[in-house]
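Let's go through this model by question and answer. The pocket comes first, then the overall fold.

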Amino acid sequence: MSSLRRALGNDGEPHWLWVAGGFFRDLTAAGLGDDLAEVGGMLADQEAFQQFLAQAPEAAASTWPLLMPGRPGKALCLGKNFAAHAREMGGEPPTELVWFAKLPDTLIGHGENVVIPKWLDTRVDPEAEVVMLLGRDLHNCNMQQAQQAIVAYTLGNDVTARAQQGLDKERGWPWLRAKNLATFGCVGPAWVPVWEMPPFEDITLRGRVNGVIRQECSMADIIWDPVRALVEMSRWTPLRAGDIIYLGTPAGVAPIHDGDELSVEADGLGKLVNQVVGGA
């Protein structure tokens, strides 16, 4: 699997690395900036990317620590996008697209800790997801434009203060605070360009806690596929290169606690791992 990761170099700075066949090419040294919009735009043109890649020097980067693969302009999430999950949450699958915001400052990368504040007296659940990266701006787009804007995928964990979410829903309030505690959004480990991916409907997504599978499904079971979701979302708000979209979680959500290890994996996308710790 070839992928684009972000890692901490020996110079103490973040570097974008193209990893293929055990070899590393330093795209930052070749001039690629740290901005995720620039990265998405680069991946939008495979031929131009390959030409740029040919200019990138090799790097002995196998031990460089992984970093979150860029901070997005917006992080949006699809809710209740698997029928079984909608039903386990006490309702029927929605007939319209449900989506909400994950504030970018809450996001963390592979290997970082999910911190549950000690004052948070509520159930906390992980939600294993596939995440897509946009490489082009979209507004009132059609299906073809939406398809062309999807440039890469990675994994995500939409950690949720579940009991607080339920209380806010009863009050008619938005889900914002239940979804946006610091560290409650994991993303990584690396971006896999669409041309390196298996067919979307052939991907199996799994979420584990302490190595035990809690969530497992085929992405063929998704209600709103990525292209249709982008067309609908772009009617309401402009989407930009560098934005990311969490595509929804399958059934099987359950509480987590201090000391648990969370992992998300999917065919062709590697494995995202985060540890749960209690906050001060």
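Q: How much space lies in the largest pocket?
A: This is a predicted model: local features need pLDDT of at least 70, side-chain atom pairs count only at pLDDT 80 or more, and totals for chains, interfaces and linings use all residues. Numbering starts from 1 along each chain as its sequence is written, and side-chain values use heavy atoms, without hydrogens and water. A pocket is an open set of points on a 1 Å grid over the protein atoms alone, where a 1.4 Å probe fits, with protein on both sides within 12 Å along at least five of seven lines. Filling the largest pocket with probe spheres set on its points gives about 190 Å³.

Q: Which elements give two or more residues to the lining of the largest pocket?
A: Lining residues have an atom within 4 Å of a point. Among them are I150, Y153, P226 and V227. Elements are DSSP runs numbered from the N terminus: helices (H or I, at least four residues) and strands (E, at least two). The elements asked for are β10 (150-158) and α7 (226-236).

Q: How many helices and strands does the protein have?
A: The same DSSP runs are counted here. The protein has seven helices and 17 strands.

Q: Why is the protein as compact as a globular protein of its length?
A: The radius of gyration is taken over C-alpha atoms, and the globule rule is 2.2 Å times the number of residues to the power 0.38. For 280 residues the rule gives 19 Å, so the protein is that compact because its radius of gyration is close to this, at 18 Å.

Q: What share of the 280 residues counts as buried?
A: Buried means under 20% relative accessible area (1.4 Å probe, protein chains only). The share is 52%.

Terms used
Buried < 20%, exposed > 50% of the residue type's maximum accessible area, 1.4 Å probe, protein only.
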